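Me: I am new to this structure and would like a close, careful look at its salt bridges, beginning with a single pair.

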Amino acid sequence: MAKSKYYVVWVGHEPGIYQTWAECQAQVNGVTGAKYKSYESKTEADEAYKRGWKQSLNFTNNSSKSNGASKATNVTSSEEIDYDSLSVDVGCSGNPGIVEYKGVDTRTGEILFYHGPISKGTNNLGEFLAIVHGLAYLKQLGSEKTIYSDSMTALKWIRTKQVATNLVRDESTAEIWELVDRALMWLNTNSYPNKILKWDTKRWGEIKADFGRK
């Protein structure tokens, strides 16, 4: 039997807590900057709704992951992670589906930039966009900080400066394709000193920008 989930919508047509993905999706579809997340229990959902989205989208990284198995990874990896860095990740509801991404301070979990929701795209395209957004963000600041991503595919696309995806170009995907085309143009017309590294999820736990929807 599938576990019950509770979906918190902070920014949507009607903010609140919903018990099915269909109800949640109806509240966030078409809403620019929609903010939402799923929880395993009603208590967690109630607490997250009260905290608000800014705190709650970082809550998993800063609080709950400090318990249990994550403790072991934090002890062994603290000497290897460059905490003076930027971490990026994507949240994708369906694949293809609604895409959003963010970049956070690896040390504090503070959200430095957020984009979404994009009406239809793929996880890999979202990861790619997040890295390029991070590069442009750091270049604007004149920062040489490292960027972490947990997507091998997106890292490869950054290296080759091209994307390899089966996502068709049509009216429903026009938004993400416009962003991808702009990102590719940026890569081909800009240089950057930043290292872009693979986040070692197996050793360090979920990347600090994780949306907590797995």
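In which helix do Asp 46 and Lys 42 both lie, and how many residues apart are they?

Reply: This is a predicted model, where local features need pLDDT of at least 70 and side-chain atom pairs 80 or more, while totals use all residues. Residues are numbered from 1 along each chain, and side-chain values use heavy atoms, without hydrogens or water.

Both residues belong to helix α2 (residues 42-51), where they stand four residues apart, about one turn of the helix; helices are DSSP runs of H or I with at least four residues, strands runs of E with at least two, numbered from the N terminus. Their side chains meet in a salt bridge at 3.0 Å, N to O, the term requiring a Lys or Arg side-chain nitrogen within 4 Å of an Asp or Glu carboxyl oxygen. Asp 46 is partly exposed, with a relative accessible area of 28%, and Lys 42 is also partly exposed, at 40% (buried is under 20%, exposed over 50%, partly exposed in between, with a 1.4 Å probe and protein chains only).

This pair is one of five salt bridges found in the whole structure. Another joins Glu 80 and Arg 203 at 2.5 Å, N to O, and links distant parts of the chain, since Glu 80 sits in the loop between α4 (70-77) and β4 whereas Arg 203 lies in helix α8 (residues 201-204), 123 residues apart. Glu 80 is partly exposed at 41%, as is Arg 203 at 39%, and these two residues form a network of salt bridges together with Asp 200.

Asp 84 and Lys 145 form a further salt bridge, their closest N and O atoms being 3.4 Å apart. Because Asp 84 lies in the loop between α4 and β4 and Lys 145 in the loop between α5 and β7 (146-149), this pair ties together parts 61 residues apart in sequence.
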